[in-house]
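Me: I have a chain in front of me and some questions about how its parts fit together. Please keep the answers short and show the reasoning.

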Amino acid sequence: MTQREKDEIDQLPPKYRPMGAWGYFGYSILFAIPLIGWIFLFICALDGSKIVRRSFARSYFCILILVGFILLIVFALGMGGALLDMIAGSL
């Protein structure tokens, strides 16, 4: 990163400063903790003090919803198949 880029970042208000790679890594680990991480996820997704962190938390939340929805569909299809086997076995 050049000195000019560093100076431009330093002139930004703290609300708009970018987050480093270690920040993303740390928040990913924090959000992955089952109960406490999910609470922090909701807090960060609704907090407006750092725009980059809020956007990352919202994207992480969207991915969790997408993965949960896919798992729900797979579970429903598996249960539907098991139910059909049970019905076919009783006939």
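Me: Which helix holds both Arg-4 and Glu-8?
Reply: This is a predicted model. Arg-4 and Glu-8 sit 4 residues apart, about one turn of the helix. They form a salt bridge, with the closest N and O atoms 3.5 Å apart. The helix that holds both is α1, residues 3-11.

Me: Is Arg-4 buried or exposed?
Reply: Its partner Glu-8 is partly exposed, at 44% relative accessibility. Arg-4 has a value of 64%. Exposed means over 50%. Arg-4 therefore counts as exposed.

Me: Which residue meets Arg-53 in a salt bridge?
Reply: Side chains of opposite charge can pair when their charged atoms come close. For Arg-53, the N to O distance in the bridge is 2.7 Å. Its partner is partly exposed, with a relative accessible area of 27%. That partner is Asp-47.

Me: Is Arg-53 buried or exposed?
Reply: Arg-53 has a relative accessible area of 15%. The cut-off for buried is under 20%. So Arg-53 is buried.

Me: How many salt bridges does a search of the whole structure find?
Reply: One of them joins Arg-4 and Glu-8. Another joins Arg-53 and Asp-47. The search of the whole structure gives a total of 2.

Me: How many aromatic pairs are there in the whole structure, and what is the geometry of the one between Tyr-24 and Phe-56?
Reply: The search finds 7 aromatic pairs. In the pair of Tyr-24 and Phe-56, the ring centres are 5.0 Å apart and the planes meet at 80 degrees. Planes over 60 degrees apart count as edge-to-face. The Tyr-24 and Phe-56 pair is therefore edge-to-face.

Me: How many residues apart in sequence are the parts that Tyr-24 and Phe-56 tie together?
Reply: Tyr-24 lies in helix α2, residues 21-32. Phe-56 lies in helix α4, residues 51-90. So the pair ties together parts whose separation in sequence is 32 residues.

Me: Which of the two counts as buried, Tyr-24 or Phe-56?
Reply: Tyr-24 has a relative accessible area of 30%, and is partly exposed. The other ring is at 15% relative accessibility. Buried means under 20%. The buried one is Phe-56.

Me: Which residues do ring pairs link into a cluster with Phe-56?
Reply: Phe-56 pairs with Tyr-24. The cluster goes beyond that pair. Its other members are Tyr-24, Tyr-27, Phe-31 and Tyr-60.

Me: Which elements give two or more residues to the largest nonpolar core?
Reply: In soluble globular proteins, nonpolar side chains tend to be buried together. Here the largest nonpolar core has 8 residues: Met-19, Phe-31, Leu-41, Cys-44, Ala-45, Phe-56, Ala-57 and Tyr-60. The elements that give two or more of them are α3 (36-46) and α4.

Me: What does Tyr-60 touch, not counting residues up to four places away in sequence?
Reply: Tyr-60 belongs to the ring cluster. Tyr-60 is also a member of the largest nonpolar core. With residues up to four places away left out, it touches Ser-28, Phe-31, Ala-32 and Leu-41.

Me: What is the radius of gyration of the chain?
Reply: The chain has 4 helices and 0 strands. The globule rule gives 12 Å for 91 residues, and the chain is well over that, so it is more spread out than a compact globule. Its C-alpha atoms fill a box of roughly 75 × 25 × 15 Å along the principal axes. The radius of gyration is 21 Å.

Me: What share of the residues is buried?
Reply: The chain exposes about 7200 Å², with 74% of it supplied by carbon and sulfur atoms. Of the 91 residues, the buried share is 11%.

Notes:
Residues numbered from 1 in each chain as written. Predicted model: local features only at pLDDT ≥ 70, side-chain atom pairs only at ≥ 80, totals over all residues. Heavy atoms only, no water. Phe/Tyr/Trp six-rings, centres within 6.5 Å; stacked < 30°, edge-to-face > 60°. Buried < 20%, exposed > 50% of the residue type's maximum accessible area, 1.4 Å probe, protein only. Core = buried A, V, L, I, M, F, W, Y, C linked by side-chain atoms within 4.5 Å. Contact = heavy atoms within 4.5 Å. Rg over C-alpha atoms; globule rule 2.2 N^0.38 Å. Areas by Shrake-Rupley, 256 points an atom, 1.4 Å probe, with all protein chains shown as cover. Salt bridge = Lys/Arg side-chain N within 4 Å of Asp/Glu carboxyl O.
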